[in-house]
Every structure is written in structure tokens, then in C-alpha cells.
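Hello,

Here is the structure I promised to pass on. Please have a look at it first, and then read my notes below.

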Amino acid sequence: MAFIETLMRLSYLAMLIELTMAANYIVGGSNGGWDTSTNLQPWASSQTFTIGDNLIFQYTPNHDVAEVTKADYDSCLPSNPIQTYNDGASTIPLSSPGKRYFICGTMGHCSQGMKVEIDTLAASASQPIASSSAPTPSPVMASVPSPAPEPTTFSPTPSSEDVPAVPTPSPEDVPAVATPSPEDVPAVATPSPIETRLNGPTLSPVVPSTEFPTSLSPAESSPDPSAASAKLKLQASFAIGFNFLVMLLAP
């Protein structure tokens, strides 16, 4: 549609230019006219007629203008005219190239010289018609944008830089287990003779021996029950006193 509209505008512009450049020719010139006294053919041969020009016939009521064929022009026969004008001031546009023939239809006037041959050219050599020189616009092709490719969804693979490194504890970061020194171990106080009298004699822990006597004396094989009972009481008293002492010395 835009291309057709452009051509129509150019054609209309060409018509306006043609009308502006069109020349009006009074038949016979300024010193003559459409009559029997003017030599019309030498005047027509001296002019250059182009498409868009106009012929103006000015004449009195005893004359008319008849456009005829070439044969009727040569024989001055107005009986079969192409077009007839009798208004006294006839304007005939030259709208197509080629030769056109005009005579006066009044009897005897054509033979007296009232005839003219007009040769219309397609374009003037000095002023070509604008429509032929105007460049023909090329049709504008609308470009349809291609759809953009859809983005591909993918799960990124974490690189070694993205994985947080787990710090390896150095030997300096591992808390050292303090080994108690001999000074940190509470010393067990040896009871004095006075404490021994109060609390009883201190007995060392009885460590069972893994060695078995090969032979027992009669005294060892049958211990005295009273002595064993006294010994157990003494050991119990010593254990109670030792635990009490440890509780007192504990920090």
C-alpha cells in the first residue's frame, strides 16, 4: 500500500509540474490568428509542441475549428470531423504525442489557408518530463524479526573454588592434655605417732600374692579365729581413718 501511494503522489506531482511547465500557444502567433490572412503552417513549423501544451484558437463567428484525419486534411473535407469547436476561443490540450490536423469547417476557408498541422513531441529536449526523470522507489520489504532462542536451563556444576574448604586442624589448634606433674599430685601424709595412737596403726593395702606356699606349717594352716576378727576390725578402722584423711586433704 505504501508503494502504490508513493506512485500516486509522484504521478500527481508530475501532472502539477506539467501544468506549471505547459505552454499556451495562440494559433497564428501574436501578429496573426485563426483566419485566412495568416500563413499558419510556417508558424507551426517554428514552434516546439510537447505534451501538456495548449493550442488556443481565437476567431470570429464566421469561422470554426474542426479536427480531422490526415486524408481529410489534405483534401479539405470537413464532413467527417473528429471534433468540432465553434465558441470563438477554443483551447485544445495536447495530451498525447503525434500529429494532429485542424481545418476551418466554413466552405472554402481551408483551401484559402485556414489549416494547420501540429506535431506534438513526447518531451522537450531541454526540459524532460518530471515523471520520466523521477526515480522509481523500490518497495520496502518489512523485515520480520526472528524469535530469540529460548534460554537453556541448566544446573551449574560447582567448581573447586565454590566448595568451601574444611580447615584441617593444625597441631597447635589441638588442645594438649596436660600431664600431671609430681607437684600436682597430692601427697598422702604419713600419720604421726600421735595420729597412730588416735586412729590406730596405718596398714598398707593388702596385695594378694600370686605365689602359693608349697608347704604350710600347722600354725598357718589353722589360724586363730579371735586374731582374724581383731585383724578385720583393725583394717576397717584404718580404712575409715584413711578415707577421712583423704577428704580433709582434698582441695
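**Notes on the fold**

Let me start with one pair of residues: N24 stands opposite N54 in strand 3. Helices and strands here are DSSP runs, numbered from the N terminus (helices are H or I with at least four residues, strands are E with at least two). This is a predicted model, so I should say that local features need pLDDT of at least 70 and side-chain atom pairs count only at pLDDT 80 or more, while totals for chains, interfaces and linings use all residues. Residues are numbered from 1 along each chain as its sequence is written, and side-chain values use heavy atoms, with hydrogens and water left out.

**The two sheets**

The N24 pair belongs to the pairing of strand 1 with strand 3, which run parallel and are joined by 3 bridges. Two strands count as paired if DSSP finds at least two bridges between them. On another side of the pairing scheme, strand 3 and strand 6 are antiparallel, with 5 bridges, and I56 stands opposite T91 in strand 6. Together they give an open sheet of 3 strands in the order 1-3-6, with mixed pairing. Its edge strands are strand 1 and strand 6 (89–93), each of which pairs on one side only. Neighbouring strands of this sheet are turned by 25° against each other on average, direction ignored; for such angles, axes are lines fitted to C-alpha atoms (for helices over the stretch in contact), and angles run from 0 to 180 degrees between N-to-C directions. Strand 3 is mostly covered, with 4 of its 5 residues buried. Buried means under 20% relative accessible area, exposed means over 50%, and partly exposed is in between (1.4 Å probe, protein chains only).

There is also an open sheet of 5 strands, ordered 2-8-7-4-5, again with mixed pairing. Strand 2 and strand 5 (83–85) stand at its edges with a single partner strand each, so one side of each has no neighbour in the sheet. Strand 2 (residues 49–50) runs parallel to strand 8, and 2 bridges join them: F49 stands opposite T120, and T50 stands opposite L121. Strand 7 (residues 98–103) runs antiparallel to strand 8 and is joined to it by 6 bridges. In strand 8, T120 is the bridge partner of G98.

**The nonpolar cores**

In soluble globular proteins, nonpolar side chains tend to be buried together. By a nonpolar core I mean a set of buried Ala, Val, Leu, Ile, Met, Phe, Trp, Tyr and Cys residues joined through side-chain atoms within 4.5 Å. The largest one here has 18 residues, and those with the most contacts inside it are W34, L55, F57, F102, V116 and I118. Helix 2, strand 3 (54–58) and strand 8 (115–121) are the elements that give two or more residues to this core, and helix 2 provides the largest share, 3 residues. Leaving out residues up to four places away in sequence, I118 touches A44, F49, L55, L94, G98, K99, R100 and F102 (a contact means heavy atoms within 4.5 Å). Apart from the largest core lies another, of 6 residues, including A66, Y73, I103 and C110.

**Around H63 and T36**

Is H63 buried or exposed? H63 counts as buried because its relative accessibility is 10%. This histidine is in the loop between strand 3 and strand 4, and a polar contact of 3.1 Å joins its side chain to that of H109. A polar contact is a pair of N or O atoms within 3.5 Å; within protein, one must be able to donate a hydrogen and the other to accept it, and residues adjacent in sequence count only if both atoms are side-chain atoms. Beyond its neighbours within four places in sequence, H63 is in contact with W34, C104, T106, H109 and M114.

T36 lies in the loop between strand 1 (24–26) and helix 2 (40–45), and counts as partly exposed because its relative accessibility is 34%. Not counting residues up to four places away in sequence, T36 touches H109, Q112 and M114.

**Confidence**

The protein chain averages a pLDDT (the predictor's confidence in each residue, from 0 to 100) of 73, and 53% of the residues score at least 70. Among its elements, strand 4 (residues 65–68) has the highest mean, 97, and helix 4 (residues 130–133) the lowest, 44.

Best wishes
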